[in-house]
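Biologist: I would like a close look at one helix and the neighbours that it packs against. Which residues make the contacts, and how do the helices cross?

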Amino acid sequence: MSAAAQTAAAGLIGRSVARADAERFVAGRGRYLDDLVLADMQHVVFYRSPFARARLHAINVDAAAAMPGVSAVVTGADLATVCAGWTTRFAMWPEHVSAPQNPLAIDEVFWQGEAVAAVVAATRAQAEDALELIEIDWEEGEPVVDPTTALEPGCPPCHPAIEHNLALERKIGKGDVAAAFAGAAQVVRRRFSFGRQTGVPLEPRGILASFDRRTGELDIQQSHQAPFQMQEIYASLLGLPLERVRVASPDVGGAFGIKLHAYADEIAVVAIAMLLGRPVKFQADRLESFVSDVHARDASVEAQLAVDAEGHLLGLDVDLLFCFGAVSAYPRSSIGEALQALDLCGSAYRIDAFRGRVRGAFVNKVPTGAYRAVGQPIACAVIEQLIDDAAAAIGMDPVTMRRRNHLPARPAEAPMLPAAGGIPLGPLSLDACMDQLLENMDYRQLRATQEALRQRGVYRGIGLCTFVELTGVGAGLYGPNQVRVAGKEGVRLSLLPSGHIQCRTSATDQGQGTRTGLTQIVAQAMGSPLETVAVAAGDTSRDPLGGGAWASRGISLAGEAALLAAAQLRANILSIAAALGEQSQDGLDIVDGMIIGRDGEALMSLAEVALKAHYDSTAIKLDVIPELTMERSYAPTGKPYFAANGVQAAQVEVDIETGMIRVLDVWVVEDCGRIVNPLLTDEQIRGGVVQGIGAALFEQCIYSENGQMSNASLADYLIPMASEMPQIHVGHVTTPERETSLGAKGVGEAGTVGAIGAIWCAVNDALRPLGQGVWQQPFTPAHVLDVLHHPEMRQGEARLPPF
């Protein structure tokens, strides 16, 4: 914050303006209160469990409470007086039974990193010093860490509130799978292991809460993707009227899905604010983020694919096991990734016979939740590697096999076609994307170069990944499950007296460029210059209700709402202008902020219309003056998802002496419907690809046998940096979404969906002449050397149950 802004803020507080007003002053400048030191603001730090499972026999906080600057040391029992506990439930999955949760642990902890106590002090340093003096009498328990062990008969539950560790089991199928495999020319089998990951946004989680006891108003600044979701949760758990709770999520520095959930420590901060009646702030540091932010992926898969001699896919059989945490993330649960990985396996292909099962196990680890692309990268990697194996088995080029089995392009008016797992999909453009991809990458030349290099002992691989990305999720996901997450997005447009357009939207922005895209949509639809449109979001007290940012919905849903609102506001403006000019509205237009007549002559500006409408309405000869503020919402109605699609390719080089893998190039051709901003779209794809590279080659949360995360720092948890980023070539095919006027499908997760599969196929394509392949992601140098030199570490045949 500038010095002038600080002085102005200090002046506000000096005049005894309500604290919440001062916070809003700063929040309006898009910053958290790091820039403003309120005299009574306190900092919260958490004592986190060092054990994966243990009982707390006694907590001594006396020494900590006596430290300088400390205003309180709070335990779970203290917060229970102001905050109710919660349990994650999904109405359509009643068998998914999660243990109850509290803001701070009471009596027992169930993962390393679970918050046990909170120190509240004038500065973070003082709070951290006091934290060292908390004494706890622990009784360490025996954690359940391995998901396979967790589901074995007789294994004790990882939490006493549940009867067993089976968190989810779902089976789906179609066609005669046994006959498909019995009649196949080739059957390929493979095991897959997907490492546990976490999101690492530029800005860690942070929250500041203030409770005004005089008015009963709760004001929260939070780095989050879904402020309306959190408003609902805080009101419910703290027993406050919804309208007395304000949640603001201004500029957020990255989220990737991990900031979709209600975290116990953040709920604790809000409860502490109510308990103490003082503004309190918590900012996670990198070390605690690794053991408190949700994790994701963590799955093992056994799968087999049947093909005929001509390369047609006859049947797919897949069995997935996901490793969840000790509890299910609130309120959206931990099961979404597992369900989508099953439902979307083979989604881009014609497969007449399909059998699938997915299970999830509760274990004593950090809870899992949403992470960019939610299960879809796993689904893609499994089917794409099986297709490569099958193509090699029958001597067919992998491109040919994919073309032979892609779901066909269909007319826009054709009914939706169900994917292999049963999810209905709209029109796809897979072959068109493949055509452009092959041309962009010069596929034939790459294959020729690959063969020449192999003769010289250089092992390069080319991998392909066809993908379908589910986007723009509407109310059909959470509504039937009785989870209060809005499936719609809203936009409110206002013509201000200045002639500028103000846009408030529920679609939050964590760096995707959503606000920029909405600015373009509104400016074009209204005929206004870009600089006269201001878009703001992330405030439950000012914005129309909506879901926020998830499932690539910012432009696809909020953009459609903006078009609807702009169409009506434009019509109202032209109606007023016609009355002012005493002429028919037919033929009037708005161009560059001016009302244009039939003959192209500029009649008046938007500012002139606004001034008359707002301040001198007597000049408008209409019985009823149309509104100059228009609010519209949009949610998909005809289907549960939009379906973006595309194809990715990667070229890698594997050094068989060191096991090092270098990604040389990545190509993406993607169909996200109508593109509003080409630069932002391409960079979203590139960013997603880089996260996929991180998953494929570097990132993994490594746990010991007693549930300790052993690489919980950026010194040991590896993420891709500039030196690991290859050239990423992006192209597009455009098939507008048929349900909306805008035609955008969404693009936020596309790069991540296909990257792991493309790189996995490329690495194994490089190793194929050696008769080996990686099966455990990330593909570290150690894993590559293991599969090359240690027979016991090589890929075994999948052990699926009989048909």
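Modeller: What follows takes one helix and goes through its two helix partners in turn.

This is a predicted model; local features need pLDDT of at least 70, side-chain atom pairs count only at pLDDT 80 or more, and totals for chains, interfaces and linings use all residues. Numbering starts from 1 along each chain as its sequence is written, and side-chain values use heavy atoms, with hydrogens and water left out.

The helix in question is helix 13, residues 398-405. Helices here are DSSP runs (H or I, at least four residues), numbered from the N terminus.

Start with helix 12, which covers residues 376-394. Its axis comes within 9 Å of the axis of helix 13, and the two cross at roughly 115°. Axes are lines fitted to C-alpha atoms over the stretch in contact, and angles run from 0 to 180 degrees between N-to-C directions. The angle therefore makes helix 12 roughly perpendicular to helix 13 (65 to 115 degrees counts as roughly perpendicular, over 145 as roughly antiparallel). The crossing of helix 12 and helix 13 is right-handed (the near helix is turned clockwise from the far one by less than a right angle; anticlockwise would be left-handed).

Now the residues. Helix 12 brings E384, I387, D388, A390, A391 and I394 to the contact. Helix 13 answers with P398, M401 and R402. Contact means heavy atoms within 4.5 Å. By class, this contact holds six nonpolar residues, no polar ones and three charged ones. Ile, Ala, Pro and Met are among those that count as nonpolar, while Asp, Glu, Lys and Arg count as charged. The charged residues here are E384, D388 and R402.

Next comes helix 14, residues 430-441. The axes of helix 13 and helix 14 come within 10 Å. They cross at roughly 160°, which means that helix 13 is roughly antiparallel to helix 14. This time the crossing is left-handed.

From helix 13, the residues in this contact are V399, R402 and R403. From helix 14, they are D431, M434, D435 and L438. The class count is three nonpolar, no polar and four charged. The charged residues are R402 and R403 of helix 13 and D431 and D435 of helix 14. V399, M434 and L438 are the nonpolar ones.

One residue links the two contacts. R402 of helix 13 takes part in the contact with helix 12, and R402 also takes part in the contact with helix 14.

Notes
Angles under 35 degrees count as roughly parallel, over 145 as roughly antiparallel, 65 to 115 as roughly perpendicular and the rest as oblique.
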